[in-house]
Amino acid sequence: MGSNYLFTLKDEPIENLRPLKVRVVGAGYSGIYLGIRIPQRLRNVDLQIYEKNEGVGGAWWENRYPGCACDIPAHSYQYSFDPNPHWSNFYAPSKEIREYLGGIAEKYGVNRYVKLSHKVTSCIWDDAVKKWKLVVENVKTGEIIHDDADVLVSARGNLNDKAWPKIPGFETFKGEVMHSAQWNEEYDFKNKQVGVIGGGSSSIQIVPKLQKIEGVKMSVFVRSRTWIASPFGDASMLKLGLEPNNTAMSEELRKEFVDNPKRFHEFRKIIEVDGNTVHGGSFKGSPMQLEAQAFYRSVMQEKLAKKPEIMEALVPSFGVGCRRLTPGPGYLEALVEDNVDFVRDKIEAITPSGITLENGRKVDIDVLVCATGFNVSSPPPFYVEGKNGVSLQQKFLPYAETYLAVGVDGFPNFFMMFGPNSAIGSGSLTMMIESEGDYITKCIRKLQKEDYVTMMPKSERVKDFSDYCVEYFKKTVYLDQCTSWYRSEGGKGDRIIGLWPGSTLHCIEALRAPRWEDYDFESRAENRLRWLGNGWSVTQIGEGGDPAWYLEPSLMNVPMKGKPEEDEEFKRRPFSH
């Protein structure tokens, strides 16, 4: 039997550029990217990006500790469409990355959409009106703002919610206390007794800088074993025309990159190829993994020869990569200096004047540096509530489960960038971020063009992806016996919730073409083809476009004569729908 409702045409061109409100939380690499691509590719979108800090850059705005730098080659840690030939170091310092991101935001007009010093405190889905209701605090004035959105994107990243030491007496310490992501740049370390808690990436960068300050005596409290990566492989450095033990980029080389774009492109290509071809090292017992262990062990042994007891305490039994590798120029060298005490014993308590160890030893300190990382396994630090009153905090217990790292069932029109399972062990992280941004932009356009009110991953597909992650990681070193922010339960769980289950190129391909059949959609009309409109295209009306756009060479795909299958584009990368 037919429907009783009266169907009418929608009096709009087929492109259907209906108004949508999009709100993005965070203006780091991810938020800035959306601030470029959404205005570029979409029309009639009311875009707002809320950023709690006083400037854009996310973690790179916040992290200002001495030695803070990129832990992967900087030429791979930039937007693909705007590479920077001016990095002063192969591992660029945070100040330069912060300036790069600020420059990109200014250059591409992102700042028009950013509200700085605006902290999102809650986002609640209102199913009656099919909108997200946001509460935002102006952190400078204390004003509370109520906003709403059709689409909500959490672009806050993983390294945002500071983790402080959970040690008895921590709050009683009377000296200076700072976190690597909350650094007091005015503090004078000269002639101070310094305690550094942590042995991860920030500690590895901080220790060599503080060790060199006049009069400093330092105690480095490290419980976890770790591999200390040498800078980018010696062979690759030589291939790039660089000295293996010198990561500074000379003025001559930087000028050559500016004057010779082809040379700069070749330089970047070598880095990307190297990063994408070491993926095999992430698998247990692989020849590449065993070779890496032997290499790092020999390097560490050589540099720690002066204090071999540190070698015994530091070198792990788990595979290379189980914990995130950090290039540590100067770290091992600093640990063997006379003004540094490497402390492996467990901390029992923190006192007003220092630290007490389990063995009864007391260590007096003037300043406590917490290089203790971030709460990565937790949901966003702001409250998010989806359908039926279920919060994201509840949904992510005991661990986060998502659909392809970008969506969650029960949370309509909600997307994440650099959320759970979005990081990578090797390869280009920024290309993954760009791929997530492109995917989300396509989803927003899908909602807009085809007159859908909501889209949400099917719960079955979330379970499918969760099962895939479990099975994939079984054969990798990431589940070796180590503590890592890649893992659930504060780094100690048996689920990998930080990394994508595959290589960078695998992720890019997975997000290349959205599988719409994996989503539940709610339509604005009973006839789901009403979006076909009134028979017109916007390109035929007024200044809406070019009525003969298909003749423009830049928009035309011309096949090769004789053998279309030899097309270089599709030999480099297979075609996808």
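# Close-up views: salt bridges, helix pairs and loop residues

**View 1. K10 is a buried lysine, at 11% relative accessibility.** Here "buried" means under 20% relative accessible area, "exposed" over 50% and "partly exposed" in between, with a 1.4 Å probe and only protein chains counted. This is a predicted model, so local features need pLDDT of at least 70 and side-chain atom pairs pLDDT 80 or more, while totals for chains, interfaces and linings use all residues. Residue numbers start from 1 along each chain as its sequence is written, and side-chain values use heavy atoms, without hydrogens or water. The partner to look for is D451: its side chain meets that of K10 in a salt bridge, 2.7 Å from N to O. (That term covers a side-chain nitrogen of Lys or Arg within 4 Å of a carboxyl oxygen of Asp or Glu.) This pair links distant parts of the chain, with K10 in the segment before β1 (20–25) and D451 in the loop between α12 and β18 (452–457), 441 residues apart. Helices (H or I, at least four residues) and strands (E, at least two) are DSSP runs numbered from the N terminus. D451 is buried as well, with a relative accessibility of 5%.

**View 2. K131 pairs with D150 in a salt bridge.** The closest N and O atoms of K131 and D150 sit 2.8 Å apart. K131 belongs to strand β5 (residues 131–138) and D150 to the loop between β6 (144–149) and β7 (151–154), so the bridge ties together parts that are 19 residues apart in sequence. The two ends have their own levels of cover: K131 is partly exposed at 23% relative accessibility, whereas D150 is buried at 14% relative accessible area.

**View 3. K395 reaches D409 through a salt bridge.** Between K395 and D409, the closest N and O atoms are 3.0 Å apart. Distant parts of the chain are linked by this pair too: K395 is in helix α11 (residues 392–395), and D409, 14 residues away, is in the loop between α11 and β17 (414–416). K395 counts as partly exposed, at 30% relative accessibility. D409, at 12%, counts as buried.

**View 4. Five charged side chains, K21, R23, D46, D147 and D148, join up in a salt-bridge network.** If you'd like the wider setting, a search of the whole structure turns up 35 salt bridges.

**View 5. Back in the loop between α11 and β17, look for P398 and A405.** The peptide bond leading from L397 into P398 is cis, with omega near 0°. A405 has a backbone quirk of its own: it isn't a glycine, yet its phi is positive, at about 70°. A405 is also buried, with a relative accessible area of 0%.

**View 6. N191 is another non-glycine residue with a positive phi, about 60°.** You'll find N191 in the loop between β8 (176–179) and β9 (193–197). N191 is exposed, at 52% relative accessible area.

**View 7. Helix α1 (residues 29–41) runs past helix α3 (residues 94–107), their axes coming within 10 Å.** Axes are lines fitted to C-alpha atoms, for helices over the stretch in contact, with angles from 0 to 180 degrees between N-to-C directions. The crossing angle of α1 and α3 is roughly 20°, so this pair is roughly parallel. (Under 35 degrees is roughly parallel, over 145 roughly antiparallel, 65 to 115 roughly perpendicular, and the rest oblique.)

**View 8. Helix α1 also passes helix α12 (residues 429–449), with axes that come within 9 Å.** This time the axes cross at roughly 40°, and α1 and α12 are therefore oblique to each other.

**View 9. Two tryptophans, W536 and W549, sit in the loop between β19 and α16.** The flanking elements are β19 (519–523) and α16 (568–572). W536 counts as partly exposed, at 46% relative accessibility. W549 is partly exposed too, with a relative accessible area of 43%. For a sense of scale, W536 is 408 residues from A128 in sequence and 33 Å from A128 in space, C-alpha to C-alpha.
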